[in-house]
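Dear colleague,

I am handing over the structure we spoke about, and my notes on it follow below. Please read them with the model open beside you.

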Amino acid sequence: MCRHLAYLGPPVPLSALLSDPPHGLAHQAWAPRDMRGGGTINADGFGVGWFPPGSDQPDRYRSAMPIWGSSWSLRVESGAILAAVRSATVGMPILETAAAPFLAGRWLFSHNGVVRGFPGTLAGMAGELPVEDLLTLEAPTDSAALFALVRHRLRAGKTVEEAVASVITETLDAAPGSRLNLLLTDGERIIASTVGHSLSVRVTGDAVLVASEPLDDHPAWEAVPDRRLLIATPHDVTHLTLGEA
Ligand code: GLN
């Protein structure tokens, strides 16, 4: 179990998502409320990626430390943010480079869940990756491998919806029982899946916030049902049913 979130809207300080709300990401790290699939705390690292105002390239800070032991700047402000706290799957290393967000070009990526039987079950799908992608995998984890597959399919010309949905469908075929809550943003859209873990979305005026758990008791929070692919902008949220996406 990890916890993750993504925000698009008017610029806010990172603290508005991480530490200020009563159940912000820093609180979710040690007191999560909806722990499907086990895990107690998210102490194996954290990361945050954000688009500086006016830029289409994200900046990123990651640490292998728990979020409460890391030094992150409260003064950064951004209108496009993705952040995650990690609880490493048993057998996967605790490294800075294994903490989300993973980054390629404009895309920030996070995975909450597990690929059952990794790495063996992904061997077939990994065959499509150029050897450079395997050699430069950020970390030897299921999440990094899933991002390599999504990134490769984006490069091959698939839309982000097609890339994410096809990786999820094929991973579930190869590794049944996997939990695949994926979360991406390119600073303009948020793409989020629900396969086995919780997710909620809050749309307020000109901002959208997608998070593993609601950050506060705002009445606009809505739980996203399982097996959905959500595509969100500050003004519009679309749900596709996975399998039909
Ligand atoms: N399996 C991933 C990892 O180990 C994600 C973990 C999680 O969601 N708890 O990094």
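Before the hairpin is described, one convention is needed: two strands are taken to pair if DSSP finds at least two bridges between them, and strands are DSSP runs of at least two residues, numbered from the N terminus. Please also keep in mind that this is a predicted model.

With that convention, strands E9 and E10 form a hairpin with 2 residues between them, and Gly205, which sits in the turn, has a positive phi of about 60 degrees. The two strands, E9 with residues 200-204 and E10 with residues 207-211, run antiparallel and are joined by 5 bridges, and within this pairing Arg202 has Leu209 of E10 as its bridge partner. E9 is also joined by 2 bridges to strand E11 (residues 222-223), again antiparallel; here Ser200 stands opposite Ala223 of E11, and Val201 stands opposite Glu222.

These strands belong to an open sheet of 7 strands, in the order E3-E2-E4-E1-E10-E9-E11, with antiparallel pairing. Strand E3 (59-63) and E11 stand at the edges, and because each has a single partner strand, one side of each is left without a neighbour in the sheet. As general background, strands of a sheet pair through backbone hydrogen bonds, either parallel or antiparallel.

Elsewhere in the sheet, strand E4 (residues 77-85) pairs with two strands that are worth following in the viewer. Strand E1 (residues 3-13) runs antiparallel to E4 and is joined to it by 8 bridges, with Leu8 having Ala80 of E4 as its bridge partner. Strand E2 (residues 46-50) is likewise antiparallel to E4, through 5 bridges, and in that pairing Val48 stands opposite Ala83. Of the 9 residues of E4, 7 are buried, so this strand is largely enclosed by the rest of the structure.

Turning to the nonpolar interior, the largest nonpolar core has 34 residues, of which Phe109, Val150, Val164, Ile168, Leu184 and Ile191 touch the most other members. The elements that give two or more residues to this core are strands E5 (102-104), E6 (107-114), E7 (179-185) and E12 (228-233), together with helices H5 and H6 (160-174), and H5 gives the most, with 8 residues. Ile191 is a useful place to centre the view: leaving aside residues up to four places away in sequence, Ile191 touches Trp107, Val160, Val164, Leu182, Leu183, Leu184, Leu229, Leu230 and Ile231. Apart from the core just described lies another one, of 22 residues, among them Val12, Leu17, Ile81 and Trp221.

The structure holds 11 salt bridges, and some of them deserve a separate look. Arg155 forms a salt bridge with Asp133, with the closest N and O atoms 2.5 Å apart. This pair links distant parts of the chain, since Arg155 lies in helix H5 (residues 142-155) and Asp133 in helix H4 (residues 131-135), 22 residues apart. Asp133 has a relative accessible area of 7%, and because buried means under 20%, Asp133 counts as buried.

Arg202, already met in the hairpin, forms a salt bridge with Asp216, with the closest N and O atoms 3.1 Å apart. This pair too links distant parts of the chain, Arg202 being in strand E9 and Asp216 in the loop between E10 and E11, 14 residues apart. Arg202 counts as buried at 15% relative accessibility, whereas Asp216 is partly exposed, with a relative accessible area of 25%.

A further salt bridge joins Arg189 and Asp186, with the closest N and O atoms 2.8 Å apart. Here Arg189 is partly exposed, with a relative accessible area of 27%, while Asp186 is buried at 5% relative accessibility. In addition, Arg60, Arg62 and Glu138 are linked in a network of salt bridges.

Finally, on the surface, Trp30, Ile41 and Trp68 form a nonpolar patch with about 350 Å² of accessible area together. Trp30 of this patch lies in helix H2 (residues 25-30) and is partly exposed, with a relative accessible area of 49%.

With best regards

Methods. Residues are numbered from 1 along each chain as its sequence is written. This is a predicted model: local features need pLDDT of at least 70, side-chain atom pairs count only at pLDDT 80 or more; totals for chains, interfaces and linings use all residues. Side-chain values use heavy atoms; hydrogens and water are left out. Helices (H or I, at least four residues) and strands (E, at least two) are DSSP runs, numbered from the N terminus. A salt bridge is a side-chain nitrogen of Lys or Arg within 4 Å of a carboxyl oxygen of Asp or Glu. Buried means under 20% relative accessible area, exposed over 50%, partly exposed in between (1.4 Å probe, protein chains only). A nonpolar core is a set of buried Ala, Val, Leu, Ile, Met, Phe, Trp, Tyr and Cys residues joined through side-chain atoms within 4.5 Å. Contact means heavy atoms within 4.5 Å. Patches are made of residues with over 30% relative accessible area and no salt bridge: like charges are joined within 9 Å, nonpolar side chains (Val, Leu, Ile, Met, Phe, Trp, Tyr) within 5 Å. Accessible areas come from the Shrake-Rupley method with a 1.4 Å probe; for residues, only the protein chains shown count as cover.
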